[in-house]
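Please open the model in your viewer and keep a selection tool at hand, since the tour below goes from stop to stop and says at each one what to select.

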Amino acid sequence: MATISSGLTRAIVGLSDVFSKRAWPLAQVLLAGAILAVGPRTVSAVLRVMGLSQERQFQKYHRVLNRVKWSTLAASRRLLGMLIEAFVPDGPLLMALDDTIERRRGAKIAARGIYRDPVRSGLGHFVKASGFRWLCLMLVAPIPWARRCWALPFCSVLAPSERYYLKRGRHPNRLTDRARQLLLMVRRWVRERPIVVVADSSFAALELLNAVRHKLCIVTRLRLDATLYDPAPQRVPGTRGRPRCKGPRQPTLKAVSTSKATRWRGVTLSQWYGQGNKAVEIATGTAVWYRGGMPVVPLRWVLVRDAQRKLEPQAFLCTDETAEPEQILAWFIRRWQVEVTFEEARAHLGMETQRQWSDRAIACSTPVILALYSIVVLTARQLLPQGSLMTRHAAWYAKDSPTFSDTIALVRRSLWSEWIDEGSEHRRDMVKIPRALFDRLTETVCYAA
């Protein structure tokens, strides 16, 4: 069995109870190998980089994903607790909810569907993608060495298409149904801390907002033509009939954005989608959102327009009517880190390169790849007690602050260095590398692509 770095072991020790005593050492090898591997994150590539290419019982590593009984939700709960303890020990918790498409093809893959590709599609064209749709929940936390917030995945669930359920004679679960289940589950996990969830317009659904608004706060986009009303007037005693659920209708936000009577207030927002400070004008108010046959949701709306009139007005909603509009926008701006996390997972962790086709392995492998992003950050936290990290510079590129590529490089360096130090003397000018370890390093570099 290959030895694992002490820094990585300390970071993931909280997950040991999720696995059996026989499966936990195998899971550690898979996690360490997935960090060290470059290119596809197949089990074969993981075993090679860990020096186990001659392991005769290689199938036991595959069984960790396709047979061994361990709960991804239990692991998600442990991982969330570890992230909260390391990065957000007090105060409200900011989480981000979003879905992503993992592009995969294969006749034996049961949960594969055809979805709209959000990356390649635009306003004028529609591009389809074959693969899986994953619903991910991430903790948006400040990272000391990066001097900004990152979105750290801790829970990812498969959200199959409607056709998948109909073929099996089951009632389809919509994306908002999955989101409701996830949010209520996390609320049960963390009872004592206030939770704010930011999401895109796909989750601006009255059923979802009404189901979770008493448990946590949701911030999302709002349509400019949404039907908003004043709150229902107080019921007069002795009045017959069903109580009113809404008052007079308010103007649409599109009309508010063009009205001369609207009172705008200028504010400066920091870290506007990675572009630094941004001067905008905002208008805000409270209302109830209602459509026929749907629940009534009280909310605070925030209308934003560009001070230079280069961008179209945008509207946002918050289920906490007492929240300040500047705070609502600051929460929503951090949602952009979700897209950065998805891109980094594809670029540095090999997402979409897995080759599993069984249902059990598919349901485990992608959540592990996304959670590996958080595990790398937790390991770096163990290796950086002072919270500072040196970045790689070049004459043609000066990096302002460390990114995830610097963080995973630190973790990889600690893994390789610990193996090298085992056979080297305590001298700075000479390092002895065992032949087997040198061959592993050479093979990893030569087959990097």
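Begin by selecting Ile433, which counts as partly exposed because its relative accessibility is 37%, where partly exposed is the range between buried, under 20% relative accessible area, and exposed, over 50% (1.4 Å probe, protein chains only). Ile433 sits in the loop between helix 13 (404-421) and helix 14 (435-446), helices being DSSP runs of H or I with at least four residues and strands runs of E with at least two, both numbered from the N terminus. Add Val431 and Phe438 to the selection, and you have a nonpolar surface patch of about 250 Å² made by these residues together with Ile433. Such patches take residues with over 30% relative accessible area and no salt bridge, joining nonpolar side chains (Val, Leu, Ile, Met, Phe, Trp, Tyr) within 5 Å and like charges within 9 Å; the areas come from the Shrake-Rupley method with a 1.4 Å probe, and for residues only the protein chains shown count as cover.

Before moving on, note that this is a predicted model, in which local features need pLDDT of at least 70 and side-chain atom pairs count only at pLDDT 80 or more, while totals for chains, interfaces and linings use all residues. Residues are numbered from 1 along each chain as its sequence is written, and side-chain values use heavy atoms, with hydrogens and water left out.

Next, select Thr391 in the loop between helix 12 and helix 13, a residue that counts as buried because its relative accessibility is 16%. Its side chain is joined to that of His393 by a polar contact of 2.8 Å (a pair of N or O atoms within 3.5 Å; within protein, one must be able to donate a hydrogen and the other to accept it, and residues adjacent in sequence count only if both atoms are side-chain atoms). Leaving aside residues up to four places away in sequence, Thr391 touches Lys399, Ser401, Pro402 and Asp406, contact meaning heavy atoms within 4.5 Å.

For the interior, turn to the largest nonpolar core, which has 148 residues; a nonpolar core is a set of buried Ala, Val, Leu, Ile, Met, Phe, Trp, Tyr and Cys residues joined through side-chain atoms within 4.5 Å. Helix 12 (residues 359-383) supplies the largest share of this core, 13 residues. Select Phe87, one of the residues with the most contacts inside the core, and display its neighbours, among them Trp145, Leu152, Val377 and Arg381.

The charged pairs come next: there are 14 salt bridges, each a side-chain nitrogen of Lys or Arg within 4 Å of a carboxyl oxygen of Asp or Glu. Select Arg335 and Asp98, whose side chains meet in a salt bridge at 3.3 Å, N to O. Arg335 lies in the loop between helix 10 (325-333) and helix 11 (336-348) and Asp98 in strand 1, so the pair ties together parts that are 237 residues apart in sequence. Arg335 is buried at 12% relative accessibility, and Asp98 is buried at 3%.

Then select Arg265 and Glu326, a salt bridge whose closest N and O atoms are 2.4 Å apart. Because Arg265 lies in strand 8 (residues 265-269) and Glu326 in helix 10, this pair ties together parts that are 61 residues apart in sequence. Finish with Arg103, Asp117, Arg346 and Glu352, which are linked in a network of salt bridges.
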